[in-house]
Amino acid sequence: MECVNVELKERRYSIYIGESLLTNVAVYPLQAEDKVMIVSNPTIAQYYLKPVTETLEKIGCKVSHVLLPDGEKYKNLDSLNRVFTALLEENHGRDTTLIALGGGVIGDIVGYAAASYQRGIRFIQIPTTLLAQVDSSVGGKTAVNHELGKNMIGAFYQPITVIIDTTTLNTLPKREVNAGLAEVIKYGAILDLAFFEWLEQHIDNLVALKQQDLKFCIARCCQIKADIVACDETEKGDRALLNLGHTFGHAIETHLGYGNWLHGEAVAVGSMMAAALSEKLGNITRQDVGRLEKLFARANLPTVSPDTMQPEDYLPHMMRDKKVLAGKLRLVLLKSLGQAYVATDMNQQLVLAAIQACTQND
């Protein structure tokens, strides 16, 4: 078992990474008589709700659960309210711990519910998708979507621990595994050239879910994110670098309708657009762009814009992005492979040209 610690100014928590951790009582920071509500969805619950419940009952916890509909389109205020209703109907108080058992949608909803219910209760992340394990479960970003924008309603709120059982990926659809690899590749591209080069050598093993490589990969991603969050918990500085490709990608998700493209698929294309823009600015070479494109392709991820979107479809969505300040578009771009920066007040014609470079007809 690997352990990565997130060190914040006033508190710390651990990320446990390994096989068969769901049934390991030692990784749960709970005691007998603690009240727990597990939030999951039917897809995940059929595999993991029973073993997690039984493990918590071994500790002596009083366990209940609520299931939400499965899918990004249900990451909304209605699902959030279902969690609140379940908590209130069962008379849960500030001593209750919420457990997010599922992917990034469940984790984001539960985190925001925990931040809001009775002005804040404890919660534990148990991410069961690769994307959630390497990204959304770590760092305390919680949110729900609005029809006009992704993750527009939320809060920064940290879990008390993150439990990453790598064997849960064995029940994950291949498309979801690939989507998670988009965030993995992002870490190498923005902050760690050596890790990017390691991915070029081992990406096929990750696609095939080789456990040894998976554990190393997840631990490295979590450590990179933990280091950034420790320095910039509420994204006032370097944490924004983690958003490579996200402003473009969120535009794809919003325009197509949440869930039609997976988040990681949209981030892969968004990262290619950011790379194309970085090349146009003279920061990176065409060869660098090609290395990134090849790595995404080997992870079975798209590298061009959806054929139903035109370059001009992107900007209205992008200008509503959370990273827009004072009406100026900010984007995460590459100085080089392994080094990113935040560019402010980007020229919109240049942005459109980068999007055009990543279209189906290019």
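I began with burial, and found that 59% of the 362 residues of the protein count as buried. I note here that I am working from a predicted model.

I then looked up the overall dimensions. For 362 residues a compact globule would have a radius of gyration near 21 Å, and since the protein has 20 Å, I record that the two agree. Taken along the principal axes, the box that the C-alpha atoms fill comes to roughly 60 × 40 × 40 Å.

For secondary structure I listed 12 helices and 11 strands. I also checked how contacts are spread along the chain: taking those between residues at least 6 apart in sequence, 75% join residues at least 24 apart.

Next I turned to the interior. The largest nonpolar core has 81 residues, and those that touch the most other members are Ile15, Ile185, Phe195, Met318, Leu331 and Val351. Helix 7, which covers residues 211-231, gives the most to this core, with 10 residues. Which residues is valine 351 in contact with, once its neighbours within four places in sequence are left aside? I wrote down Phe248, Leu277, Leu315, Met318, Leu329, Leu331 and Met346. Apart from the largest core lies another one, of 22 residues, and I noted Met37, Val39, Val83 and Leu98 among them.

Last, I looked at the surface and the charges. The protein exposes about 14700 Å², of which carbon and sulfur atoms supply 47%. I counted 35 positive and 41 negative charges, and the mean positions of the two sets are 3 Å apart.

Note on methods: Residues are numbered from 1 along each chain as its sequence is written. This is a predicted model: local features need pLDDT of at least 70, side-chain atom pairs count only at pLDDT 80 or more; totals for chains, interfaces and linings use all residues. Side-chain values use heavy atoms; hydrogens and water are left out. Helices (H or I, at least four residues) and strands (E, at least two) are DSSP runs, numbered from the N terminus. The radius of gyration is taken over C-alpha atoms; the globule rule is 2.2 Å times the number of residues to the power 0.38. Buried means under 20% relative accessible area, exposed over 50%, partly exposed in between (1.4 Å probe, protein chains only). Contact means heavy atoms within 4.5 Å. Accessible areas come from the Shrake-Rupley method with a 1.4 Å probe; for residues, only the protein chains shown count as cover. Lys and Arg count as positive and Asp and Glu as negative; His and the chain ends are not counted. The place of a charge is taken as NZ of Lys, CZ of Arg, CG of Asp or CD of Glu. A nonpolar core is a set of buried Ala, Val, Leu, Ile, Met, Phe, Trp, Tyr and Cys residues joined through side-chain atoms within 4.5 Å.
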